[in-house]
Amino acid sequence: MNHPRPTFLTQLFPRLTLFFLLSCCCLTSTVVGLGSSISHSIPYGTEECMVIRVPAEPHVVSGSFDLLDTKYSPDPVRIALYNTKEELIWSSPPSATKGTFSQQSAAGKHWLCLENGLTYEQNGKNPAMPPNQRVTRTIGFSLRIKKSGKSNARKTAVEGGVKIDIDDTTSRLLELTDSLNEKFQALVDHMSFMKSREIVHRELHEETFTKVVRWNILEICTVVVVTFCQVLNVWYILNNRRSSLY
């Protein structure tokens, strides 16, 4: 029995379908949460947490952080992520000034906590922080909640009426796509943090320049007053000598 030979379009159709699904995963990745990075100031010895609500379907909670106060030690600062059972699932490395995180999370409430000296002070093994380091820290962070590449691929296939069996190679490509997307988002966050740090440095430079200008004006006024007093003193001495001659 003769079987029809596969045509070129028949051989190319599965590859086009896979390429279409991967493109949809890259372009239509569902992101819920903060679209840009924000900064927040945390007083020393305190902790502030943000509640994250993950939808019913499996999602990935990811983001990044950066310490904007570069002149202070990063030792007392800690960023932590807790799951629905209030269990720690990720924590920033010790003395880290910046970093990224990505965790597969179930539905429910999660917490992203920013700490400034709270856990550091509770740990008796850490050396005591000097008074000049017990200051308020400004932390920039970004948060994203999105579906994984596999979930987007299955959803796109179902909506398009295409039956697809995700094999190991496709799963690996989807994982690489997610990793590339995370690195791109981390790069965007880093650029945003650089802008925030530039704003902080600009304010510091303007404050320093204002103090220098005020000090120069004060010096000029002091010199003018001293010069005027010296002129009056000389005039008074000369006037007394002239009156004594008469």
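The dialogue below goes through the features of a predicted model.

Biologist: Where do I start with this chain, and how many helices and strands does the protein chain have?

Modeller: Start with the list of elements. In this predicted model, the protein chain has 4 helices and 9 strands. Along the sequence the pattern reads α-β-β-β-β-β-β-β-β-α-β-α-α.

Biologist: How much of the protein chain is buried, and what does its surface consist of?

Modeller: Buried residues account for 30% of the 246 residues. The accessible surface is about 16700 Å², and 61% of that belongs to carbon and sulfur atoms. As for contacts between residues at least 6 apart in sequence, 82% join residues at least 24 apart.

Biologist: How do I read a sheet, and what is the order of the strands in the open sheet of 4 strands?

Modeller: Read it strand by strand, and ask which partners each strand has. Here the order is β3-β8-β5-β6, with antiparallel pairing. β3 and β6 (88-91) each have a single partner strand, so they stand at the edges and one side of each lacks a neighbour in the sheet. From one strand to the next, the twist averages 20°.

Biologist: How many bridges join β5 to β8?

Modeller: These two strands run antiparallel and are joined by 6 bridges. To take one residue, V77 has N116 in β8 as its bridge partner.

Biologist: Next, the core. Which residues of the largest nonpolar core touch the most other members?

Modeller: A core is read by its members and by the elements that supply them. This one has 18 residues, and those touching the most other members are I52, V61, I79, L81, F101, L112 and I139. At least two residues each come from β3 (46-54), β4 (59-67), β5 (77-82), β8 (108-116) and β9 (137-147). The most come from β9, which gives 4 residues.

Biologist: What does L112 touch, leaving out residues up to four places away in sequence?

Modeller: The partners of L112 include E48, C49, M50, I52, I79, A80, L81 and F101. F141 and L143 are also among them.

Biologist: How do I read a salt bridge, and how many are there?

Modeller: Side chains of opposite charge can pair when their charged atoms come close. The count here is 2 salt bridges. In one of them E115 pairs with R78, with the closest N and O atoms 2.7 Å apart. This pair links distant parts of the chain, since E115 is in strand β8 and R78 in strand β5, 37 residues apart. Both E115 and R78 are buried.

Biologist: Where do K211 and E207 lie, and are they buried or exposed?

Modeller: K211 and E207 both lie in helix α4 (residues 168-245), 4 residues apart, about one turn of the helix. In their salt bridge the closest N and O atoms are 3.6 Å apart. K211 is exposed because its relative accessible area is 53%, and exposed means over 50%. E207 is partly exposed, at 43%.

Biologist: Why does S37 count as buried?

Modeller: The cut-off for buried is under 20% relative accessible area. S37 has 14%, so it counts as buried. S37 is placed in the loop between β1 (31-33) and β2 (38-42). M191 is 154 residues from S37 in sequence, yet their C-alpha atoms are 9.7 Å apart in space.

Biologist: Is T138 in strand β9 buried or exposed, and what is it in contact with?

Modeller: T138 is buried, at 17% relative accessibility. Beyond neighbours within four places in sequence, T138 is in contact with S39, H40, S41, D66, L67, L68 and D69.

Key
Residues numbered from 1 in each chain as written. Predicted model: local features only at pLDDT ≥ 70, side-chain atom pairs only at ≥ 80, totals over all residues. Heavy atoms only, no water. Core = buried A, V, L, I, M, F, W, Y, C linked by side-chain atoms within 4.5 Å. Buried < 20%, exposed > 50% of the residue type's maximum accessible area, 1.4 Å probe, protein only. Contact = heavy atoms within 4.5 Å. Areas by Shrake-Rupley, 256 points an atom, 1.4 Å probe, with all protein chains shown as cover. Pairing = 2+ DSSP bridges. Axes fitted to C-alpha atoms, helices over the stretch in contact; angles between N-to-C directions. Salt bridge = Lys/Arg side-chain N within 4 Å of Asp/Glu carboxyl O.
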